[in-house]
Amino acid sequence: MSEGPYDIGPGRPRLDALAKACGTERFSADVYPPDLLWAGACRAGIPHGRIRAVHTAEAARLPGVQAVLVRSDVPGTNRQGIVHKDMPVLCGDKVRHAGDPVALVVAESRTVLQQALALVRADIDPLPVLGDMDAALADGAPLVHEGHGSNILLAAEIRKGNAEAALRECDVVIEETFHTPSQAHAFLETENGVAHLDGNGVLHLTVSTQAPFRDRFEMGHALGLPPWNIRIRNPFLGGGFGGKDGATVQCLLGLAALRLPGRTIKMWWDREENLLAGYKRHAARMHYTLGAMRDGTLKAVACRLHYDTGAYAHLGGEIMELGMEHAAGPYRVGHMDCKGWCVYTNNPVAGAFRGFGVAQVSLAFEGMMDRLADRLGMDRLELRQRNALRRGDRNCAGVTLTTSTGLGECLRRVAEHEFWTGREAWKRAAPPFARRGVGVAAVFNGMGYGRGLADSAIAKIELTPEGRFVIHSGVTDMGQGNASTYAQIAGEVLCQDADRLTVLQPDTETAHPSGSASAGRTTYTFGKALIAACERMAEKLFRRAALVLLADTPEGFTLVPGAVRHLPTGRDVPLTMLGTMLPRDDRICVGEYMMPVSREVPDTGKDFVIGFPHLIFPYAAHLVRIELDELTGAIRVCDYLAATDGGRVLNPVNFHQQIEGGVAQGLGFALMEDFATHDGHIRTRDLSTYLIPTSLDLPDTVSVAVDTVEQSGPFGMKGVGEVGLNGPLPAVASAVADATGAHPNRGPLDAETVLHLLARGARA
Amino acid sequence: MIIRFRLNGTDTRLEVAGDERVVDLIRERLGLTGTKEGCGSGECGACSVLVDGEARLSCLMLAAQLDGRSLTTIEGLGTPDAPHPLQRAFAEHGAVQCGFCSPGMVVAAADLLARNPHASREEIREGLSGNLCRCTGYGRIVDAVEKVKP
Amino acid sequence: MIVHLPRSLGELWNLLAEAPGARVMAGGTDLLVRLRAGLDRTGTTERTGKADAATALCCLERIPELRGVDCDKGQLRIGAATPLTTILENQDVATRLPMLHAACRCLGSPLIRHQATLGGNICTASPAGDTLPALYALGAEVELATSNGTRRLPMDGFITGPGRTLLQPAELLTAVHIPLPAPNALQHYEKVGKRRALAISVASLAALLRLEGQRITEARLALGSVAPTVVRCTQVEHWLAGRPLDAETLHHAAGMVREVVRPITDVRATAAYRRIVAGNLLLRLGGHQ
């Protein structure tokens, strides 16, 4: 069904949507090659201990078991990690969290695999468990990583001005400590992959991953393989949200494949293993001091942040960095003194998760704004509008905002909405036993990797003999729709219908390295590279068409659906002709792009190798209307409004889907998600105890796009993948404070917490 | 044991093991990977199929229980060339993001509309409350189902 | 594991006689989850017991005597293996037992309800079983059968502790009998969960009130998830008789309820919260004034 060129602007349905709805799109989990073997990890079961021995003989004897591997079977360094390589593929000396793997079993069926896993016995001498950050930081605490010298993965500071002095000059000073819980990604497709080593020594994987190109290096380093000998195919993911950034099954699968050359091996973590061994959001404790003047002008923020990174580093330092860079909120604050500690514990491994360190501080900086508004008797939105960052300001990290900064407009859209203007009447109409509240929050989330790590992409587009274009995506599509947006970008530049556009999901053999699917960058960076590649393709096709038409100049050509048109003569050269005529290496064009970084070098943040500072930020203002039940404390979210500055909107459906989905995950974080551990043991082991919102728990979100132009971005856009998740917890906290008179300082705001706040508010 | 059942309209006879789950039979032995598994314990709905026209969790059903029944998987509801109205509506109304929940969601929605063709938005949400989606927030899924109502 | 699908009770008795270790499965929503967990799921080095492994399974889903909702002489008989969806679609249940309808409606999810059964909810005997408080408040009776005959027991007392009932070996729960309350009796059910579907109950209240004007003539109160088994608050029920249905009465009754419940702290809620809410749920009855 042709509706004209598949170009940017309209909310075009995604190219992959129908196949997914029909169940014909194959995810990594859906790959079942013939004669496959199943691999599974045997995990520590206790959170901290020294391994004396791992007994594998009984398991190895079980009929149907092909291999039982332990640390001594791992070639290479046995260390994986994205930046900081501190995580064993198989533990040899000690275990540091209950999900740490001590053995790998490969068997002919899943039944035999489960039986064999139960027969593996590890003798582990327990060590004292560091179940929280206080235990890890206490004097004399055992070290999670002896070689590291302390349990602090990273201690860092971002200073702007002199906060201590500035606080003394403030009319109002407020102090509070906030806590945010650990959160599980809970993607529907759990970690999985398939691997085999072919006769040429090439290791082939199909894996559900957010970083297929980097995985090769992570595997290569861990297993002692040249990364070029690893080929990774990366189908659509059934969700990622950061939890598939960094090796999950990859090194274990690689190990099994190396051990059983020629055999195809599949690993698929069930939900319980995903919760035990998969990555999580860092739990955080944040102590804040905010100073302001009587008229609401913010002056200074001093904060101390602690992030619990669990047993291994993953991206802990980078996550804390981003949180610290956002610590005082999207506001003009003259002075900030932010200190952060990223702490090792024996909790499950914390890693990348949408909102990357910022979801945590958002509760804190917005909670401080609400408290300040209360103290000053000021309207909560007015206080935010007064202090909202504008282009040209320096943010709290001292970095000048040279790029689009639409927060003011976001706040204005919320302030003029009926949910806000009619809030008093709405609250008065609360039904019996219910209290109503309206909350607001202003949020932002830096895009891209920041300074210190090239945020780059290389796009490849190919004209086929059939006259169609194939885009070789280098960036995972985990549901955010970037694959389809790439087609729209190509459709826009090359003026082609959807029928002539195909996007191939990343394959490290045929696409080019383009970075991870993370940091809100997946449309921005690859999009810019793709525009360059498409422009080259257009240019090339004009020249080749000129040859066909014996024109003496490549001027005056344009692309139309299916052809190149020579405007002066009105003649069309079909793409099929050009596709058939040209040899393959003349039908491929490549473009690349590297995201700009801040030119500023603030004299702070020196502890960060990667990340500080960021340059481009989406902004948003959120509003939520809730009803609390006075008898149970349960919150019902009645309405949700999000006004987001994402630069130019390329496809409104994709844009709003990202906001709605971010809000949904954020509301889960706000109301019910608490990845609870006790002494290093997880208490929420499956989806009956780790609760995410069902369709009855969420309202219809009203998502409004605020128009700005991000000059550096493809067609003026910037990435909004993460910012939506940061709003709901502070917005709901704001609404609870509005309804009860008591300000929350922790998430999730479950019924029990709210009942306490109701009682506290009644006493205040 | 031998079971005889109707699979997407075709009479089928198979030998199955006692502890074989319907979800494994469908995905691994029959190669119909449209039905997904997200939890194995009935908490997510990704494994939903139609048994005698009723939506059922295939991770909590033994293959033996299919004997004498008819099984319709997502592939049997429609294909990209000839999609079921719900599949088309999901694709056209932004109800699909990562897509892993979509087959189960479509199956549950088909059952819901068969029982309650004029379901309100709230009733649609209730009807889909056994199917978890982590990507969409459900709003556009409800939109898509509303578009298919008679 | 061998799976049997008997088509009659007679066939079932024969199967159970031949294989005494066989497990019986109604909807399977509890049993299959437990069997899956029986073999250690994550392959940790802790060995798990195999107490829940089964060698033979008898499915009850094709035995007509165990299904169906029948209304006769002021009583409703619900076959123990009747799926909850069928119970929800039954007009007699909707009109004469709205508290049971409400309880069934909040159990699990639509998908779970298509296969879960009343008999399964009873025999699993979880302290948080959603239908149980309603069955206690309605004064239900369970019908138990062996190949030799049947007997009936009151619902109250049939469940002796978490996961424990008075079911004898080779005995099957075959039906639940519920006397129909007077049409003008007030039936109330509320479940508190951590989300609005697929939630294990944190506290629940099933209440039946007979009123003359604003005066309570009879009260039945059953609370779930606040003790090892459902709590039938007989002292509070007696105190309520004769009193007006108003806020003052309910506040006092709420205090009495809080003394009677024996909640625990678990991953879902603290004992303190459950105790407060158990009482608070009574206040909601004031909404019926």
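This tour moves through a predicted model in three stops, with a suggestion at each of what to select.

**Chain B as a whole**

Begin by selecting chain B alone and colouring it by secondary structure, which brings up 6 helices and 5 strands. If you follow the chain along its sequence, these elements come in the pattern β-β-α-β-β-β-α-α-α-α-α. Turning the C-alpha trace of chain B along its principal axes, you will find that it spans about 45 × 30 × 25 Å. A compact globule with 150 residues would have a radius of gyration near 15 Å, and chain B, which has 15 Å, agrees with that expectation. Of the 150 residues of chain B, 67% count as buried. If you then display contacts within chain B between residues at least 6 apart in sequence, 61% of them join residues at least 24 apart.

**Where chain A touches chain B**

Next, bring chain A back into view and select the contact between the two chains, to which chain A contributes 45 residues and chain B contributes 43 residues. On the side of chain A that touches chain B, look for helix H1 (17–22) and helix H18 (652–671), each of which supplies at least two residues. Of the contributors to this side of chain A, H18(A) gives the most, with 7 residues. Colouring the residues of this side of chain A by character divides them into 21 nonpolar, 13 polar and 11 charged.

**A seven-stranded sheet in chain A**

For the last stop, hide chain B and select the open sheet of 7 strands in chain A, whose order is E3-E7-E1-E14-E11-E12-E13 and whose pairing is mixed. At its edges lie strand E3 (65–69) and strand E13 (230–233) of chain A, each of which pairs on one side only. Looking across the sheet, you will see neighbouring strands turned against each other by 20° on average, with direction ignored.

Now zoom in on strand E12 (residues 203–207) of chain A, which runs parallel to E13(A) and is joined to it by 4 bridges. Which residue in E13(A) stands opposite A:Leu205? Showing the side chains here identifies it as A:Ile232.

Finally, add helix H3 (residues 110–119) of chain A to the selection, since that helix packs on the sheet and touches strand E1 (37–43), E3 and strand E7 (101–107) of chain A. Comparing directions, you will find that H3 of chain A makes about 145° with E7(A).

Key. Residues numbered from 1 in each chain as written. Chains lettered and ligands numbered in written order. Predicted model: local features only at pLDDT ≥ 70, side-chain atom pairs only at ≥ 80, totals over all residues. Contact = placed C-beta atoms within 7 Å. Nonpolar A, V, L, I, M, F, W, Y, C, P; charged D, E, K, R; others polar. Rg over C-alpha atoms; globule rule 2.2 N^0.38 Å. Buried ≥ 20, exposed ≤ 12 C-beta atoms within 10 Å, placed from the backbone. Pairing = 2+ DSSP bridges. Axes fitted to C-alpha atoms, helices over the stretch in contact; angles between N-to-C directions.
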